[in-house]
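Biologist: Could you take me on a close look at the small open sheet in this chain, and set it in its surroundings as you go? I'd love one connected walk through it.

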Amino acid sequence: MTTAKKTTIARNKKNVFTNKTYKLTKNKAPLSYSIPSRNTKRKSLLWFDEETGLNRALRYSKNQKSIFEDEQDKNVILEPIVFEDGLLFVPKENQILQKFLAHHPGLGTMFVEVDKEKDASSDVDYLDLALDAQMAAKELDIEMLETVARVVIGLRVDNLTSSELKRDVRLFAKRYPNDFMEAMNDPLLKLQNKCANFFSENLLTLKNKKDVYYNLKGNKKKLLTVPYGEDPLFILASFLQSDEGLEVLKILDSKMK
């Protein structure tokens, strides 16, 4: 390879320096917040060097060429690192601070670098999930609406109208799309909805708010007793998952219209 070509490749690999913004984690946004800028006995600020196996002390000094104490001279000028309203802007000209923050043990826990493209992508993913959850909520039949309202949201559905059920379930899906979609994929919840259909089709009846009976031609026997304080649909669904319950489930499924 000629010298000219090597020079061209070197130029093409030139570092690109950019402005960077950092934000405090956990949505913190105090008027001002300082993070440790040097290693002290009170506040350890060390970086583990994978090549040497040593913990190296960090220290931020704008007039130094290195972020490591063992590579700095005696003319150190210390400056505080202050987040204002939860944010810290570091211009591309201050590469030493950018490098210091990249090695800071608080990166990822105390603060993070703002990645607008990544944040926007996460926002889009969340919006898509919220839309999917709302569409799924819109397609639920009345039995599933009642099951979701009762089991997932914890509502007392006896006195709710169908419009109130639809509203409350859709609002829940909009506000908590992750929880809603997880519930929709829960096999036990789907089985609880099927149990609700067994009752609505009069294949089963609930007596004294605790005893579940068959309501089939030639079979009016008691199926099970619901423990005090437990939800009948949950207890019935749990039973139908057992070996004995699977046979009962096949019978009830065959009687559905």
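Modeller: With pleasure! The protein chain has a radius of gyration of 31 Å, whereas a compact globule of 257 residues would have one near 18 Å. Please keep in mind that this is a predicted model. Along its principal axes, the C-alpha trace spans about 95 × 55 × 40 Å. Buried residues account for 33% of the 257 residues. Of the contacts between residues at least 6 apart in sequence, 56% join residues at least 24 apart. The chain holds nine helices and 10 strands, and your sheet uses three of those strands.

Now to the sheet itself. This open sheet has the strand order 8-9-10, and its pairing is antiparallel. Strand 8 (204–207) and strand 10 (222–225) are the edge strands, each pairing on one side only. From one strand to the next, the twist averages 25 degrees. In general, strands of a sheet pair through backbone hydrogen bonds, either parallel or antiparallel. Here, strand 8 and strand 9 (residues 211–214) run antiparallel and are joined by four bridges. If you would like one pair to click on, take K207, whose bridge partner in strand 9 is D211. The sheet also has a helix packed on it: helix 8 (residues 232–240) touches both strand 8 and strand 10. The direction of helix 8 makes about 115 degrees with that of strand 10.

Earlier in the sequence there is a helix pair worth a visit. The axes of helix 5 (residues 162–175) and helix 6 (residues 177–184) come within 5 Å and cross at roughly 115 degrees. Angles from 65 to 115 degrees count as roughly perpendicular, and helix 5 and helix 6 are therefore roughly perpendicular to each other. On the helix 5 side, the contact is made by V169, F172, A173, K174 and R175, which meet P177, D179 and F180 of helix 6. Sorted by class, this contact has five nonpolar and three charged residues, with no polar ones.

One last stop is a single loop residue. N94 sits in the loop between strand 6 (87–90) and helix 2 (95–103). With a relative accessible area of 9%, N94 is buried, because the cut-off for that label is under 20%. Setting aside neighbours within four places in sequence, N94 is in contact with Y60 and K62.

So, back to your request: picture strands in the order 8-9-10 with antiparallel pairing, and helix 8 packing on that sheet.

Note on methods
Residues are numbered from 1 along each chain as its sequence is written. This is a predicted model: local features need pLDDT of at least 70, side-chain atom pairs count only at pLDDT 80 or more; totals for chains, interfaces and linings use all residues. Side-chain values use heavy atoms; hydrogens and water are left out. Axes are lines fitted to C-alpha atoms, for helices over the stretch in contact, and angles run from 0 to 180 degrees between N-to-C directions. Helices (H or I, at least four residues) and strands (E, at least two) are DSSP runs, numbered from the N terminus. Angles under 35 degrees count as roughly parallel, over 145 as roughly antiparallel, 65 to 115 as roughly perpendicular and the rest as oblique. Contact means heavy atoms within 4.5 Å. Ala, Val, Leu, Ile, Met, Phe, Trp, Tyr, Cys and Pro count as nonpolar, Asp, Glu, Lys and Arg as charged, and the others, Gly among them, as polar. Two strands pair if DSSP finds at least two bridges between them. The radius of gyration is taken over C-alpha atoms; the globule rule is 2.2 Å times the number of residues to the power 0.38. Buried means under 20% relative accessible area, exposed over 50%, partly exposed in between (1.4 Å probe, protein chains only).
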